[in-house]
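Colleague: I have some questions about the wording used for this model. Could you take me through the reasoning behind it?

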Amino acid sequence: MKLTEADILNASLLIVDDQETNVSLLEQMLRDAGYTHVSSTMDPHQVNALHRKNRYDLILLDLQMPGMDGFQVMEGLKTNDADSYLPVVVITAQPGHKLRALQAGAKDFVSKPFDLVEVRTRIRNMLEVRLLYKKLENYSKVLEQTVQERTAELRESEARYRSLTELASDWYWEQDENGNFTKVSGPVLEMLGIRVDALEGNTPGGHVPGWNEAERAHLQATIAARQPFLDFVFSRTNANGSQQKFRVSGEPMFSQSCRFIGYRGIGVELTAKK
């Protein structure tokens, strides 16, 4: 993220000082330096409302003002929840006030009587930090929105995928990284005659007799290696002597950080029970 000269000179500034001569001097100095959005007030009670309305990039704030001093103004500015960054440079003739002002939230200070070269330098440095902070904040918001939009797109895509796979198969399934079934749709329980206990909060169900153990071992080895499998056929013999065949396809799932999180796939019964 880079700042241009136009970014800096187009920043919005507010001068707060009860002395008209100081206001005029600072306004003229800033305009001579090329700043195009400079405003001022001699009433410290207006600062909070003005900042809520205009969202200044920098506020030049005199500390010693009658009725409401600069410290009270800063306390009021802190109540603006929309801005976690207090863009204040204080103006003071009292050396002892500098540390107190920084502790109160001011980002920098300029001393009276003014050294105009120092004032211009401090204002420019402050604006560079402030504008970079705003760019970073805006970038974070855009990134967060992009992530939310992408997440919504992925969820929609996932819903379409499941819908299509369910239409093209007898059942759809998902397992976590430990092999527990986490999602099952379709009459898989009736077809396979097994219990998916993980869906009820327990460990996977026990062994069901009749499966071709060589086929099961081959499929389990493929899953253990986290490899996809397509149209894998396995079979079993039921207690009544009938034969069943099933065809399954599956693929491993990974998180955005490439961590294995389980499997998903579809299954089809090739032969009906006799």
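Modeller: Happily; this is a predicted model, and we can go through its sheet, its helices and a few single residues.

Colleague: Let's begin with the sheet. What is the order of its strands, and how are they paired?

Modeller: Five strands make up an open sheet in the order 2-1-3-4-5, and the pairing is parallel. Strand 2 (37-41) and strand 5 (108-111) each have a single partner strand, so one side of each lacks a neighbour in the sheet and they stand at the edges. From one strand to the next the twist averages 20°.

Colleague: What makes strand 3 and strand 4 a pair?

Modeller: Two strands pair if there are at least two bridges between them. Strand 3 and strand 4 have four bridges, in the parallel sense, so they meet that definition. Leucine 60, for instance, stands opposite valine 89 in strand 4.

Colleague: And how do you know that strand 1 and strand 3 pair?

Modeller: By the same test: strand 1 and strand 3 are joined over four bridges, again in the parallel sense, and at least two are needed. Here leucine 14 has isoleucine 59, in strand 3, as its bridge partner.

Colleague: Why is strand 3 called mostly covered?

Modeller: Five of its five residues are buried. Leu58, Leu60 and Asp62 point one way from the strand, while Ile59 and Leu61 point the other way.

Colleague: Which helices pack on the sheet?

Modeller: Helix 3 packs there, touching strand 1 (12-16), strand 2 and strand 3, and its direction makes about 175° with that of strand 1. Helix 4 packs on the sheet too, touching strand 3 and strand 4, with its direction at about 150° to that of strand 3.

Colleague: Why is helix 4 described as largely enclosed?

Modeller: Helix 4 (residues 70-77) has eight residues and six of them are buried, so the rest of the structure largely encloses it. The buried ones are Gly70, Phe71, Val73, Met74, Gly76 and Leu77. Their cover includes helix 3 (47-54), strand 3 (58-62), strand 4 (88-92) and helix 5 (96-103).

Colleague: What makes the approach of aspartate 69 to phenylalanine 71 a polar contact?

Modeller: At the start of helix 4, a side-chain oxygen of aspartate 69 comes to within 3.1 Å of the backbone nitrogen of phenylalanine 71. The cut-off for such an N or O pair is 3.5 Å, so this one qualifies.

Colleague: How do you know that valine 89 is buried?

Modeller: Valine 89, in strand 4, has 1% relative accessibility, and buried means under 20%, so the term applies. Leaving out residues up to four places away in sequence, valine 89 touches Leu58, Ile59, Leu60, Leu61, Asp108, Phe109, Val110 and Met126. Arginine 122 is 33 residues from valine 89 in sequence, with 8.6 Å between their C-alpha atoms.

Colleague: Why is serine 235 called buried?

Modeller: Serine 235 belongs to strand 8 (residues 229-237). Its relative accessible area is 13%, which is under 20%, so serine 235 counts as buried. Beyond its neighbours within four places in sequence, serine 235 is in contact with Gly210, Trp211, Asn212, Glu215, Gln244 and Lys245.

Notes: Residues numbered from 1 in each chain as written. Predicted model: local features only at pLDDT ≥ 70, side-chain atom pairs only at ≥ 80, totals over all residues. Heavy atoms only, no water. Buried < 20%, exposed > 50% of the residue type's maximum accessible area, 1.4 Å probe, protein only. Helix = DSSP H or I, 4+ residues; strand = E, 2+ residues; numbered from the N terminus. Contact = heavy atoms within 4.5 Å. Polar contact = N/O pair within 3.5 Å; in protein donor to acceptor, adjacent residues only side chain to side chain. Axes fitted to C-alpha atoms, helices over the stretch in contact; angles between N-to-C directions.
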